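Biologist: Could you take me through one part of this model up close? I'd like to see how the helices pack against one another, and then what sits around the ligand.

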Amino acid sequence: MDKHVIPFNKPFVVGKELFYIAQAVMNGVIAGDGQFTALCQDWLEHNLGCNKALLTHSCTAALEMAAILADVGPGDEVIMPSFTFVSTANAFVLRGAVPVFVDIRDDTLNLDERLVEAAITEKTKAVVAVHYAGQPCDMDALLKICDKHGLFLIEDAAQAILARDKKRALGTIGHLGCLSFHETKNVISGEGGALLINDPRLIERAEIIWQKGTNRKAFARGEVSKYTWVDVGSSFLPSELTAAFLYAQLEHGERINKHRRTLYEKYFSLLRPLANDGFFELPRTEDDKPANAHIFYLLMRSTEERAALISFLRERGIYAVFHYVPLHDSPAGLRYSRTSGELSVTEDVSQRLLRLPLYSDMRSRQVAHVSACVARFFQADRSGV
Ligand SMILES: *Cc1c(COP(=O)(O)O)cnc(C)c1O
């Protein structure tokens with residue numbers, strides 16, 4: 001790649017990935033549930049503080065396991081934001097359930113906990129808290145609501161590896177948490193994910209669902225004398241090659257996040273003067289601190305100005321993008337889901353949010369260069385665009 005080009009994201013290698021993959025091959029076990037899978041799961045249980053972690057192919061797969069474990073079936077309703085990735089909704093639609101979309105807060109861009117109770121009906125089974133950009137949802141409020149109404153609380157913590165709310169790691173607070181190690185996230189294995197099982201009553205069934213609906217795990221531990229089909233399930237476990245790559249990344253997880261926070265804070269301070277002049281808004285979080293600096297975004301003044309800035313940057317070799325196209329009025333969303341109340345913040349934010357390049361081996365001077373180009377765009381005073 002041209003060294004002057006600044007891509008939006010770049011997968012990276014931080015340490016012993018290839019060494020561990022070679023070790024997995026030498027071990028003679030490259031299917032799933034071997035030594036590196038155990039190392040990764042132990043690492044997650046120990047460093048995040050959860051009862052049980054199971055590696056999966058993706059966060060999508062972890063969400064699908066969560067939907068099975070929450071016993072969600074046809075006609076059941078699951079409350080979630082529309083401002084999220086499709087897998088949050090699809091996992092439940094696959095079980096015949098109906099996503100019920102609720103608006104997001106205008107500061108954290110997370111599910112607005114004040115609107116959740118109004119969306120609950122007798123069909124509601126679960127609430128999915130998506131920690132956008134690794135910033136925590138108001139978990140105390142959501143726990144209270146779910147407790148009161150007997151609902152499952154599932155965390156889509158795809159973007160939130162090693163991010164915390166007060167003292168708790170995100171993904172370890174609800175009944176179940178789902179992580180992603182997709183190459184666009186902070187800690188990666190190409191494709192990859194994990195299901196965190198925080199409610200100990202769900203562990204035994206989770207292991208069965210993970211192993212294709214068999215009691216193979218209990219058999220391997222010598223707890224049962226026969227290995228047989230006992231429940232629904234699928235092949236949710238990744239190969240040892242993926243786990244070996246992931247283990248090398250997890251070892252450097254804190255260091256990766258620390259570097260990303262430095263980049264994020266640099267963007268924040270370089271762009272603050274322009275935000276103060278009203279050209280755009282910067283992320284608003286409780287203490288202006290990024291949790292794990294997964295995403296750096298700007299809220300532009302209009303969709304047109306966003307498109308103009310994206311092409312201005314692209315002409316200079318800088319790749320900025322936007323997301324999410326809200327789920328509630330997408331073709332599949334119209335078919336499979338319903339909304340509760342107005343989704344005005346969701347609609348407004350999705351029209352104006354712009355993501356700047358941020359990846360784990362990005363350099364500080366590249367952040368300075370991107371920020372300078374953003375400043376140059378506004379120097380022409382395009383307030384009339
Ligand atoms: C990335 C992402 C997912 C999907 O993760 P995969 O590992 O690619 O399946 C789900 N939800 C959110 C919020 C995400 O950002």
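Modeller: Here is a walk through the helix packing, then the ligand surroundings, and finally two backbone details in loops. Keep in mind that this is a predicted model.

Let's start with helix α8, residues 240-251, which packs with α2 at an angle of about 35 degrees, their axes being 8 Å apart. The crossing of α2 past α8 is left-handed. On the α2 side, the contact is built from Q35, F36, T37, L39, C40, W43 and L44. Facing them from α8 are E240, A243, A244, L246, Y247, L250 and E251. Sort those residues by class and you get ten nonpolar, two polar and two charged.

Helix α8 also meets α1: here the axes come within 8 Å and cross at roughly 145 degrees. This time the crossing is right-handed, with α1 passing α8. From α1, the residues involved are E17, Y20, I21, A24 and V25. The α8 side brings in E240, L241, A244, F245, Y247, A248, Q249 and E251. The class split for α1 with α8 is nine nonpolar, one polar and three charged. If you compare the two lists, E240, A244, Y247 and E251 of α8 turn up in the contact with α2 and again in the contact with α1.

While we're around α1 and α2, have a look at the loop between them, where D33 is found. D33 has a phi near 60 degrees, which is a positive value in a residue other than glycine.

Now on to α3, residues 59-69, and α6, residues 203-210: their axes come within 10 Å and cross at roughly 125 degrees. That makes α3 and α6 oblique to each other. It's a right-handed crossing as α3 passes α6. M65, I68 and L69 of α3 make the contact with R205, A206, I209 and W210 of α6. By class, that gives six nonpolar residues, no polar ones and one charged.

Helix α3 spans residues 59-69, and that stretch takes us to the ligand, because C59 and T60 both turn up there. A backbone N or O atom of C59 is 2.8 Å from a ligand oxygen atom. T60 uses its side chain instead, placing a polar atom 2.5 Å from an oxygen atom of the ligand. Another contact to look at is Q159, with a side-chain N or O atom 2.8 Å from a ligand oxygen. Zooming out, there are 15 residues around the ligand, and those that come nearest are T60, D156, Q159, S180 and K185.

One last backbone detail: the peptide bond from H323 to Y324 is cis, and its omega is near -20 degrees. You'll find Y324 in the loop between α10 (303-315) and α11 (331-336).

Notes:
Residues are numbered from 1 along each chain as its sequence is written. This is a predicted model: local features need pLDDT of at least 70, side-chain atom pairs count only at pLDDT 80 or more; totals for chains, interfaces and linings use all residues. Side-chain values use heavy atoms; hydrogens and water are left out. Axes are lines fitted to C-alpha atoms, for helices over the stretch in contact, and angles run from 0 to 180 degrees between N-to-C directions. Helices (H or I, at least four residues) and strands (E, at least two) are DSSP runs, numbered from the N terminus. Angles under 35 degrees count as roughly parallel, over 145 as roughly antiparallel, 65 to 115 as roughly perpendicular and the rest as oblique. A crossing is left-handed if the near helix is turned anticlockwise from the far one by less than a right angle, and right-handed if clockwise. Contact means heavy atoms within 4.5 Å. Ala, Val, Leu, Ile, Met, Phe, Trp, Tyr, Cys and Pro count as nonpolar, Asp, Glu, Lys and Arg as charged, and the others, Gly among them, as polar. A residue is near a molecule or strand if one of its heavy atoms lies within 4 Å of it. A polar contact is a pair of N or O atoms within 3.5 Å; within protein, one must be able to donate a hydrogen and the other to accept it, and residues adjacent in sequence count only if both atoms are side-chain atoms.
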